[in-house]
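Student: Please take a close look at the aromatic ring pairs of this model and describe the parts that they join.

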Amino acid sequence: MAGQTTKDTWLTAAQCAKRAGLTVRALRIYEAAGLLAPRRTEKNWRLYGAHDLARLTEILTLKRLGLTLEQISRLLAGQATDLERVLSVQSSALREQMARVQQSLGLIDHMQTKMATGEILSTDDLLALAKDQSMTETTSETIAWRRYEQMRPRTERAIDSRLYADYAGHYRLDTVVFTIRHEGHRLFARVTGQVELELFAEEVDRFFYKAVPAQISFIRNAAGMVTALTLHQNGHEETAERVDIGAAATLEATLAARIRDKRPVENSRVLLQELVHQHQQGEPDYAKMTPPLAAIAREQAEIIRGELQRLGALKDMTFKGVTDDGWDVYDVDFEKGRQEWSFSLAADGRFDGILFRRTV
C-alpha cells in the first residue's frame, strides 16, 4: 500500500514528526532524554525506522497517562519496546473512558426525563450529578499507568537471603490471608484458597511473581520491622496488614467451615439477583464494588449486558457451594440458556470479585 511504513522504510525527522502529529523539536527532546536513538546518515541526518516509531508510540502512550519524561526514561531504561503491552494499556484506558461516558450520559438522560415530566430533582439526584461531574479521567489514567508498569518485564536480582525471615508471616487483606514463608534462598506466597507461588526479588523489600503479572512490596516501620505488604496487580495497589498466626488461623478456619457446610454469605441470593438485573439493564452499581472490581466492571459492562440480553429474562438461581477461596457459586437459568455465576464479598459487604461463564 502506498505510503505504508514497513521495517525497511526510513523517515526523515520532518516526515516522522508529521506522521506522528508532533514537531521536530519534540523528537529532539525525546532523543536528548535518551528515549529515541535514530539512525544517522553519513551527513549526520536523522532517520527513523519501524523500531523508532514503535518506541515513539510507547512514549506518547505514557505521556498521555501523565508521566514525566524523567519517569518514562526510568521506566523504559533497558527495556525493549512491547507494542502488545502498549496496545493493551491503551485499550483498557479507552474502554474505561467509554464506560464512564456512557454512565454519565445515562445519568443525565434520567434527570432530563424527570424534569420533562415536571418532577423536581431530589437531593440524591443532585448529589449523584455532582459526584459524576467531579470525576475526572485521572483515576482511569492512573489505573492504566499502574497496569502498564505492573505488566512490564521484571529482572530478578540477588539480595541477602537473611532478609527473607523478615518477610515470613501472615498478612490480612480484607477477608483473605497472605502467608509468606521462606525456604533457604527462596520465598513463597500463598493466598487463602489458592496455590502457593514463588516470589522473586527485584530489589530489597520488593518481589514479583513470574506466574502472573503482579508484584509484592513489603513495608517497614521506623524501627525497620516489616508490618505490612502491598499487592500490585491489575492497575491497583492493596495493602495487607501483618497479623499473628492466631488471627490468620481464625480467618482460614471460618472459610473452611463455610466451604464444608456449603454455607453462602448472608443475603447471597438477593445480592446476586440484584447484580444480574443491574447488568441486564446496563446500570451496574459500581459503588457496591471495590475500586479494582469497579474498574474492570466498567470496561466489560457492555459485553456483559449484550450477553445477558441474548439470554433473555432471569428464571431461577440454584446455589451450588463455596469455592476454596470463598466465592459463592450459582447456576443461573435464563429463558434461552444457563450460566454459572460466582462472586465474593469484601469485609465491608462490597463485591470484590465477580465471574460468570456459559454452561448451556
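Tutor: The following account treats the aromatic pairs, then the charges over rings, and lastly a small group of strands.

This is a predicted model, in which local features need pLDDT of at least 70 and side-chain atom pairs count only at pLDDT 80 or more, while totals for chains, interfaces and linings use all residues. Residues are numbered from 1 along each chain as its sequence is written, and side-chain values use heavy atoms, with hydrogens and water left out.

A pair of aromatic rings is described by the distance of the centres and the angle of the planes. Rings of Phe, Tyr and Trp (its six-membered ring) pair if their centres lie within 6.5 Å; planes under 30 degrees apart count as stacked, over 60 as edge-to-face and the rest as tilted. The structure holds 10 aromatic pairs. One of them joins Phe207 and Phe218 in an edge-to-face arrangement, at 5.8 Å centre to centre and with 85° between the planes. Because Phe207 lies in strand β8 (residues 206-209) and Phe218 in strand β9 (residues 214-220), this pair ties together parts that are 11 residues apart in sequence. Helices (H or I, at least four residues) and strands (E, at least two) are DSSP runs, numbered from the N terminus. Phe207 and Phe218 are both buried, where buried means under 20% relative accessible area, exposed over 50% and partly exposed in between (1.4 Å probe, protein chains only).

A stacked pair is formed by Trp341 and Phe356, with 4.9 Å centre to centre and 20° between the planes. Trp341 belongs to strand β14 (residues 337-345) and Phe356 to strand β15 (residues 351-358), so the pair ties together parts that are 15 residues apart in sequence. Trp341 is buried, with a relative accessible area of 1%, whereas Phe356 is partly exposed at 29%. Elsewhere, ring pairs link Phe207 and Phe218 with Tyr164, Tyr167 and Tyr171 into a cluster.

Charges also sit over rings, a term that requires NZ of Lys or CZ of Arg within 6 Å of the ring centre and within 35 degrees of the ring normal. Arg181 lies over the face of Phe188, 4.6 Å from the ring centre, and Arg39 lies over the face of Trp10 at 4.8 Å.

Finally, an open sheet of 3 strands has the order β1-β3-β2 with antiparallel pairing; two strands pair if DSSP finds at least two bridges between them. Since β1 (11-12) and β2 (39-40) stand at the edges, each with a single partner strand, one side of each is left without a neighbour in the sheet.
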